[in-house]
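Trainee: I have a model open and no idea where to start. Can you walk me through it?
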Amino acid sequence: MRTAVVTGAGSGIGAATAHALAGSGFHVALVARRQNRLEDVARGIRDGGGSASVHVADVTDRQEVTDLAAGLDRCDVLVNNAGGAFGTEPVATADPGDWRRMYEVNVLGTLQVTQALLPLLIGSGDGTVVIVSSTASFTCYEGGGGYSAAKHGEHALAGALRLEVCGLPIRVVEIAPGMVHTEEFSLNRYRGDISAADAVYAGIDAPLLAEDIAETVTWAVTRPSHVNVDLLVVRPRAQAAQHKVHRTP
Ligand code: 8X3
């Protein structure tokens, strides 16, 4: 059975993508740090007739990523989704520890998992690496310097990898979402401040949902093998640009 490995699969875009890929006939290997979250997602997939396995691993931990790869006998699709934003302070006062953490999970996590699974992806004869980056991969905004720097890094990784594997049976797809209303993204960014996190989406007629990105990922990886969707930028209709968001009072 074709196998898709999804990181950050315990919630949000990762969990929705796991469901969507399972619905498209993949066995889904769910990767995240929180076992209980993964078990819930796996149960939901199995209840719907799909196939899923649980792999507890922190993508920033090289040994855990090595062990993850050793525990898999197949990987046709890798969705590098684990990531996040931590803090909204400006450059002048930002905590370098937050920036380091964002670089670790968004860039080095993607690097480590991709490195570990490349042999299986190439060995599949038709592998696809998906990198879920962000519209912040291409632009900067106040208070988003560290996140934007990390996402620019992820975009660079995707671009370099695509060049390096040209000629091998492997595709590299980057999906760059704009504003997606998920349970945890803004809550992490605002350090658990629920009202600040909710205010991000206030007055917006339909921000994207995790399922919108999951459908996009699934569409991209189910194109015929010779079709490489290099980069897709996906925003809600109400967000024409990072600073151009239509809100109703
Ligand atoms: C999240 C998109 O608009 O918060 O990756 O930078 S945004």
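Mentor: Start where two helices touch: Ala15, Ala18, His19 and Ala22 of helix 1 meet Val41, Gly44 and Ile45 of helix 2. Contact means heavy atoms within 4.5 Å. This is a predicted model, where local features need pLDDT of at least 70 and side-chain atom pairs count only at pLDDT 80 or more, while totals for chains, interfaces and linings use all residues. Residues are numbered from 1 along each chain as its sequence is written, and side-chain values use heavy atoms, with hydrogens and water left out.

Trainee: What classes of residue make up the contact of helix 1 with helix 2?

Mentor: That contact has 5 nonpolar, 2 polar and no charged residues. Gly is counted as polar here.

Trainee: And at what angle do helix 1 and helix 2 pack?

Mentor: Helix 1 (residues 12-23) and helix 2 (residues 35-47) pack at about 25°, with axes 10 Å apart. Helix 1 and helix 2 are therefore roughly parallel, a term for angles under 35 degrees.

Trainee: Which other helix does helix 1 cross, and how closely?

Mentor: Helix 8 (residues 210-221): the two axes come within 8 Å and cross at roughly 50°. That makes helix 1 oblique to helix 8, meaning the angle is outside the parallel (under 35), antiparallel (over 145) and perpendicular (65 to 115 degrees) ranges.

Trainee: What residues are in the contact of helix 1 with helix 8?

Mentor: They divide into 9 nonpolar, 3 polar and 1 charged. Among those in helix 1 are Gly12, Ile13 and Ala16, and helix 8 brings residues including Glu211 and Val217.

Trainee: Changing topic. In what order do the strands of the sheet come?

Mentor: 7 strands form an open sheet in the order 3-2-1-4-5-6-7, with parallel pairing. Strands pair if DSSP finds at least two bridges between them. Strand 3 (51-56) and strand 7 (231-234) are at the edges with a single partner strand each, so one side of each has no neighbour in the sheet.

Trainee: How many bridges join strand 1 to strand 2?

Mentor: 5 bridges, and the two strands run parallel. One residue pair there is Ala4 with its bridge partner Val28 in strand 2.

Trainee: Is strand 2 mostly covered or open?

Mentor: Mostly covered, as 6 of its 6 residues are buried, that is, under 20% relative accessible area with a 1.4 Å probe and protein chains only. His27, Ala29 and Val31 point one way, while Val28, Leu30 and Ala32 point the other way.

Trainee: Why the two directions?

Mentor: In a regular strand, side chains alternate between the two faces of the sheet.

How values were computed:
Axes fitted to C-alpha atoms, helices over the stretch in contact; angles between N-to-C directions. Helix = DSSP H or I, 4+ residues; strand = E, 2+ residues; numbered from the N terminus. Buried < 20%, exposed > 50% of the residue type's maximum accessible area, 1.4 Å probe, protein only.
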